[in-house]
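Grab a pencil and work through these exercises with the structure on your screen. Try each task before you read its solution.

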2 protein chains.
Amino acid sequence: GYSRLGRSVHGLAGAAEWPAIRALLPDLAGKRIVDLGCGFGWFARWARAHGAATVLGLDLSQNMIARARADTDDAAITYRIADLERLELPAASFDLAYSSLVFHYLEDFGRLARTVHRALVPGAPFVFTIEHPIYMAPTRPGWAIDASGRKTWPVDRYAVEGPRTTDWLAEGVVKQHRRLGTTLNTLIGSGFAIRHVEEWAPTDDQVRQTPALAEEMERPMILIVSAQR
Amino acid sequence: GYSRLGRSVHGLAGAAEWPAIRALLPDLAGKRIVDLGCGFGWFARWARAHGAATVLGLDLSQNMIARARADTDDAAITYRIADLERLELPAASFDLAYSSLVFHYLEDFGRLARTVHRALVPGAPFVFTIEHPIYMAPTRPGWAIDASGRKTWPVDRYAVEGPRTTDWLAEGVVKQHRRLGTTLNTLIGSGFAIRHVEEWAPTDDQVRQTPALAEEMERPMILIVSAQR
């Protein structure tokens, strides 16, 4: 598989799905943005470089926020340590909510969705990525080779929502599996309109440049959702 | 697996997902309904028994339409042979569009979605089921048992949209695989709002009554979508 660590080292350019996310973002000029799970601040800085008025970057990790602050010299970007499970945001204060690969750690996505809905102005987009539930569902997420030599992704427990424990990067990381439908229905129930649902796959050009990406055609790893208050 | 033939023999009651579909239907009283792929007319007759004003049932199969007509004695139900790939419907003439397990045979779902959108009155629901793309995607759709004895559904080619040929019921049946996101984006692009996305799974009660349904927890076979013009 291709390394997701590329994201940390190379920022947005290190994430193969970034062009697809970017295509779903509105013109950022003058926008007040909240970045839910901002990590090292790559998106916050990119957004400011593309005209955003302000960016509020939130992350649970003290280390990430410390590094984000160290890497940023911009008074219009604020970083804050925050637990998204208990997030409070001022009402109708943001023109865009963004999040990359964080919400699949949340136990209560409904609470977060309602909080974001209140925090956005009417019509504002909410664009986020999560690990795709096909990727997350299995008891043992990983490739298998069948008798005919085909590479497959053995799915089980898709309808069994709840915690999945993996040992990727760190041991015992707990993710929260939800069916794709559940994520969308939670957004709809929180007042959002669904605008676009992208089960990300690489383009032909990307596969030519990075042949290891070809396996992403077999099963989706990343889900990109664009919703609108 | 549980037999889908139950649908033909027992009608709606023979489809385990029927209670979930029914929960998404509006009050049918006085509604003008179009049933896209009406088969033997089970839904058409049920809808009339529940107050529908009229039902137009469409199916490609001459045999199914003949049997539907033979089994129906109701001047408010019209059955017609129709190819959904080339369907024409009068504008703003229906209060509900319904379809069960047919659209995954269509090559051009976008054309159908636009046709249905025009045919519905503003605010009218469009409720349908298709085979779930997780079920349809694989080169060889079927269960596998892994080294630890787990039953899994090996997924491959999820992002490769297009024909899938299977030998279920009849040899060489061609289905059209689309990602779940593609189906939703096609609806959105046709003017529909997404209201509910259900990757059907049995209830605990259903599994108790029909233990063979337990495998449906491992991977979804049926996708239920409720959209609204």
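**Exercise 1. How many salt bridges does the rule find across the interface of chain B and chain A, and how much area do the chains bury?**

Step 1. Across the interface of chain B and chain A, the rule finds two salt bridges; a salt bridge here is a side-chain nitrogen of Lys or Arg within 4 Å of a carboxyl oxygen of Asp or Glu.

Before going on, some ground rules. This is a predicted model, where local features need pLDDT of at least 70, side-chain atom pairs count only at pLDDT 80 or more, and totals for chains, interfaces and linings use all residues. Residues are numbered from 1 along each chain as its sequence is written, chains are lettered from A and ligands numbered from 1 in the order in which they are written, and side-chain values use heavy atoms, with hydrogens and water left out.

Step 2. Now for the area. The size of an interface is often given as the accessible area lost when the parts come together. Chain B and chain A bury about 2,700 Å² between them, and 55% of that is on carbon and sulfur atoms (buried area is the accessible area, with a 1.4 Å probe, that two parts lose on being put together, summed over both).

Step 3. On the chain B side, B:Arg150, B:Val155 and B:Glu199 lose the most area to chain A, together 19% of what that side buries.

Step 4. Count the residues too: 32 from chain B and 32 from chain A take part in the contact, where contact means heavy atoms within 4.5 Å.

**Exercise 2. Which side chain meets that of A:Arg150 in a salt bridge between the chains?**

Step 1. The partner is B:Asp156, at 3.1 Å from N to O.

Step 2. Check the surroundings: B:Asp156 is buried, and so is A:Arg150. Buried means under 20% relative accessible area, exposed means over 50%, and partly exposed is in between (1.4 Å probe, protein chains only).

Step 3. Look for further links. A:Asp146, A:Arg150 and B:Asp156 are joined in a network of salt bridges.

**Exercise 3. Are the residues of the A:Lys175 and A:Glu131 pair buried or exposed?**

Step 1. The two side chains form a salt bridge, 2.6 Å from N to O.

Step 2. Place them on the chain: A:Lys175 sits in strand β9 (residues 173-177) of chain A and A:Glu131 in strand β5 of chain A, so the pair ties together parts that are 44 residues apart in sequence. Helices (H or I, at least four residues) and strands (E, at least two) are DSSP runs, numbered from the N terminus.

Step 3. Read off the accessibility. A:Lys175 is buried at 7%, and A:Glu131 is buried at 2%.

Step 4. Now try another pair, A:Glu88 and A:Arg111, whose closest N and O atoms are 3.4 Å apart in a salt bridge. A:Glu88 is in the loop between β3 and β4 of chain A, while A:Arg111 is in helix α5 (residues 109-119) of chain A, 23 residues apart. A:Glu88 counts as exposed because its relative accessibility is 61%; A:Arg111, at 23%, counts as partly exposed.

**Exercise 4. In which order do the seven strands of the open sheet in chain A lie?**

Step 1. The order is β3-β2-β1-β4-β5-β11-β10, with mixed pairing. Two strands pair if DSSP finds at least two bridges between them.

Step 2. Find the edges: β3 (77-81) and β10 (193-199) of chain A each pair on one side only.

Step 3. From one strand to the next, the twist averages 15°. For angles, axes are lines fitted to C-alpha atoms, for helices over the stretch in contact, and angles run from 0 to 180 degrees between N-to-C directions.

Step 4. Zoom in on one pair. Strands β1 (residues 32-36) and β4 (residues 96-100) of chain A run parallel and are joined by three bridges, with A:Val34 standing opposite A:Ala97 in β4(A).

Step 5. Add a helix: α3 (residues 42-49) of chain A packs on the sheet, touching β1, β2 (54-59), β3 and β4 of chain A, and its direction makes about 160° with that of β3(A).

**Exercise 5. Which residues have the most contacts inside the largest nonpolar core?**

Step 1. That core has 141 residues, and those with the most contacts inside it include A:Phe126 and B:Phe126. A nonpolar core is a set of buried Ala, Val, Leu, Ile, Met, Phe, Trp, Tyr and Cys residues joined through side-chain atoms within 4.5 Å.

Step 2. The rest of that list is A:Leu36, A:Phe103, A:Leu187, B:Leu36 and B:Phe103.

Step 3. Beyond its neighbours within four places in sequence, A:Phe126 contacts several residues, among them A:Leu36, A:Phe103 and A:Leu187.
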